[in-house]
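Here is a short note for a colleague who has not yet looked at this structure. Please read it with the model open.

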Amino acid sequence: MSVASAGEFGLIAKVTARLASAPTTLLGPGDDAALVAAPDGRVIACTDVLVEGRHFRRDWSSAVEVGHRAAAANLADVAAMGGVATALLVALCAPPDLDVSWAEDLADGLGAECELVGAAVVGGDMSSSPVLTIAVTALGDLGGRAPVRRDGARPGDVVALAGRVGYAAAGCTVLSRGFRSPKMLVEAYRRPQVPYWAGPAAAVLGATSMIDVSDGLLQDLGHISRASGVAIDIKREAFDVPPAMRDAASALGVDPYTWVLAGGDDHPLVATFPAGTRLGEDWLVIGAAREGEGVTVNGRAFLDSPLGWEHFR
């Protein structure tokens, strides 16, 4: 059955029937607007859009996987502020001939990713469109903490990473060359493994700045560098490139560090902390902030590839 056959309201009914609630959901789908608890009294809000052919391909990823990716892109932004996500609002713009089952599976992926942080999809909108587009807005709660912004890094801070980086970019390259393995890399592209817990944990540890790596580690650290007025130097040797990534890079003629340093879509969190902060084994120290400006690798500008993804380039 196509979405045109189901009709707008029939499709809404089918999709919302698959969505679970969450403790913060006071009023979910079905009214003019949702009602979400905001225990902190302040609300984190962010939005991202995924456009078919630009952010995903249906021949590369299932609808469930696209749902996970769409949710993760937003939930990671909430975590990067030091918060915990409470709700998602999702707008789906679809061609009339899209199968209803694809939209239902998308809802399953969105809902499953939300469950990882105790949030829920609470509403949204649907429209006909020649290009399949998914727009997601996330809401979050700070739990009484100050937000961790991009402008707080200071010279002498250490730079640390929680989560993996380069895997999704490697998987995207593999898929773009017509392959479906190594499985570890392809699955990393299809379904990110985001350390959502690390955002609030970093806030508690006293992180001075933080960002999620969606467009490339060096490019996203550049946002912290500019906002904070510091230089950031990354140590290439801090990263342990897994054998599967090394093998894929060798087969495809790619330097694996271009994936690690400039690849996006894994959504790990990178933060700066005062020197001497006890970070624990879940954080990997990868560099330091100092006086100056810009981002370097082992003291030099990274010239092997663009620093990361940038729309309109």
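The points below cover one sheet, a helix beside the sheet, and one serine.

1. The model is predicted. This matters for reading every point that follows.

2. Start with the sheet. Six strands form an open sheet with mixed pairing, in the order β8-β10-β7-β11-β9-β12. At its edges are β8 (209-212) and β12 (294-297), each of which pairs on one side only. From one strand to the next, the twist averages 25°.

3. Now take the β12 edge. Strand β9, residues 231-234, runs parallel to β12, and four bridges join the two. One residue pair to look for is Ala-231 with its bridge partner in β12, Gly-294.

4. A helix packs on this sheet. Helix α3, residues 63-80, touches β8 and β10 (269-273). The direction of α3 makes about 175° with that of β8.

5. Is Ser-225 buried or exposed? Ser-225 lies in helix α8, which spans residues 217-228. Its relative accessible area is 4%, and under 20% counts as buried, so Ser-225 is buried.

6. Which residues is Ser-225 in contact with, leaving aside neighbours within four places in sequence? They are Val-230, Ala-231, Ile-232, Glu-293, Gly-294 and Val-295. Among them are Ala-231 and Gly-294, the bridge partners from point 3.

7. The contact with Val-230 can be described further. A polar atom of the Ser-225 side chain lies 2.6 Å from the backbone oxygen of Val-230.

Note on methods. Residues numbered from 1 in each chain as written. Predicted model: local features only at pLDDT ≥ 70, side-chain atom pairs only at ≥ 80, totals over all residues. Heavy atoms only, no water. Pairing = 2+ DSSP bridges. Axes fitted to C-alpha atoms, helices over the stretch in contact; angles between N-to-C directions. Contact = heavy atoms within 4.5 Å. Buried < 20%, exposed > 50% of the residue type's maximum accessible area, 1.4 Å probe, protein only. Polar contact = N/O pair within 3.5 Å; in protein donor to acceptor, adjacent residues only side chain to side chain.
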